[in-house]
Amino acid sequence: MAFLTGRIKPVNKFITFEGIEGSGKSTQIELAVAYLREKAIPCVVTREPTGTDIGMKIADILFKREHGHLCAEAELLLFCAARAQHVRTVIQPALREGKVVLCDRFSDATYAYQGAGRGLDREIIRIINDYSAVHTRPDLTLLFDLPVEAGLKRATARNNRLDDPAASDRFERETLEFHRRIREGYLEILKNSPERFRLIDADRNIDAIQEDVRRHISALIKQ
Ligand code: TMP
């Protein structure tokens with residue numbers, strides 16, 4: 001075993017976690033990190049848009065409920081600005097160091113939310129996103145899928161547990177129709193890139209979902 005001989009094999013794989021609100025992907029990432037650490041595989045866990053200090057400031061603009069007047073085009077550019085910083089200062093350096101990078105949302109979220117959800121032109125998104133992401137593409141994307149109603153119910157229950165019960169952000173307060181378009185958008189992207197995506201039924205218990213997550217990650221890092 002690599003860690004017993006003192007030599008750790010570089011794995012440099014980029015894995016993204018995607019899904020609608022309340023799909024449980026953040027819990028699943030935490031469990032996946034525990035799994036990689038058990039196996040002594042060097043990894044970095046990060047998220048968009050808040051994976052850098054600059055991204056945190058951008059998120060402040062993006063999510064505040066009083067920013068309801070933020071236009072869709074500015075929203076797209078802000079997510080991509082956060083991505084530009086994140087890819088260059090966190091994701092690419094970690095991959096160069098031979099680490100597995102687990103990222104909670106990435107470019108697919110922009111196609112699903114700003115493309116399918118807000119109705120922005122896909123070709124414009126592609127150009128801006130490629131520039132921001134320096135053409136960085138995940139090796140594996142796990143899409144956590146469940147009915148929109150079930151996801152939003154979970155997201156609301158999570159917010160009610162927070163100190164501020166009205167904590168839902170600009171996105172969680174959108175219409176059911178908006179979230180349905182996002183789910184459909186994700187399923188469409190998956191259909192167009194079946195080699196990269198794995199669809200995970202997220203309407204099950206945490207352990208059953210994690211079993212699938214570990215199976216897909218092991219298959220990738222053994223390659
Ligand atoms: P979450 O990952 O905690 O759910 O929060 C991120 C929110 O930002 C979520 O509502 C999806 C949204 N989002 C976009 O609309 N476009 C993007 O490109 C990204 C990364 C996230």
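What covers the buried residues of α6? In this predicted model, the cover includes α4 (72-96) and α5 (107-117).

Helix α6 comprises residues 122-133. At 1.5 Å a residue, its 12 residues should span 16 Å, and the C-alpha atoms at its two ends are 16 Å apart, which agrees with that expectation. The buried residues of α6 are I125, N129, D130, S132 and A133. Around the helix axis they cover an arc of only 160 degrees, and therefore lie on the same side of α6. An α-helix has 3.6 residues a turn, so residues three or four places apart point the same way.

Both ends of α6 show local features. At the N-terminal end, D121 acts as the cap, with a side-chain oxygen 3.0 Å from the backbone nitrogen of E123. Just after the helix, V134 adopts a positive phi of about 45 degrees.

A second site concerns K25, which lies in helix α2 (residues 25-38). The relative accessibility of K25 is 8%; because the cut-off for a buried residue is under 20%, K25 counts as buried. The K25 side chain makes a polar contact with the side chain of D104, at 2.6 Å. When neighbours within four places in sequence are left aside, the residues in contact with K25 are F17, E18, G19, D104, R105 and F144. D104 thus appears both among these contacts and as the polar partner of the K25 side chain.

Technical notes: Residues are numbered from 1 along each chain as its sequence is written. This is a predicted model: local features need pLDDT of at least 70, side-chain atom pairs count only at pLDDT 80 or more; totals for chains, interfaces and linings use all residues. Side-chain values use heavy atoms; hydrogens and water are left out. Helices (H or I, at least four residues) and strands (E, at least two) are DSSP runs, numbered from the N terminus. The expected span of a helix is 1.5 Å times one less than its number of residues. Buried means under 20% relative accessible area, exposed over 50%, partly exposed in between (1.4 Å probe, protein chains only). The arc is that of the directions from the helix axis to the C-beta atoms. Contact means heavy atoms within 4.5 Å. A polar contact is a pair of N or O atoms within 3.5 Å; within protein, one must be able to donate a hydrogen and the other to accept it, and residues adjacent in sequence count only if both atoms are side-chain atoms.
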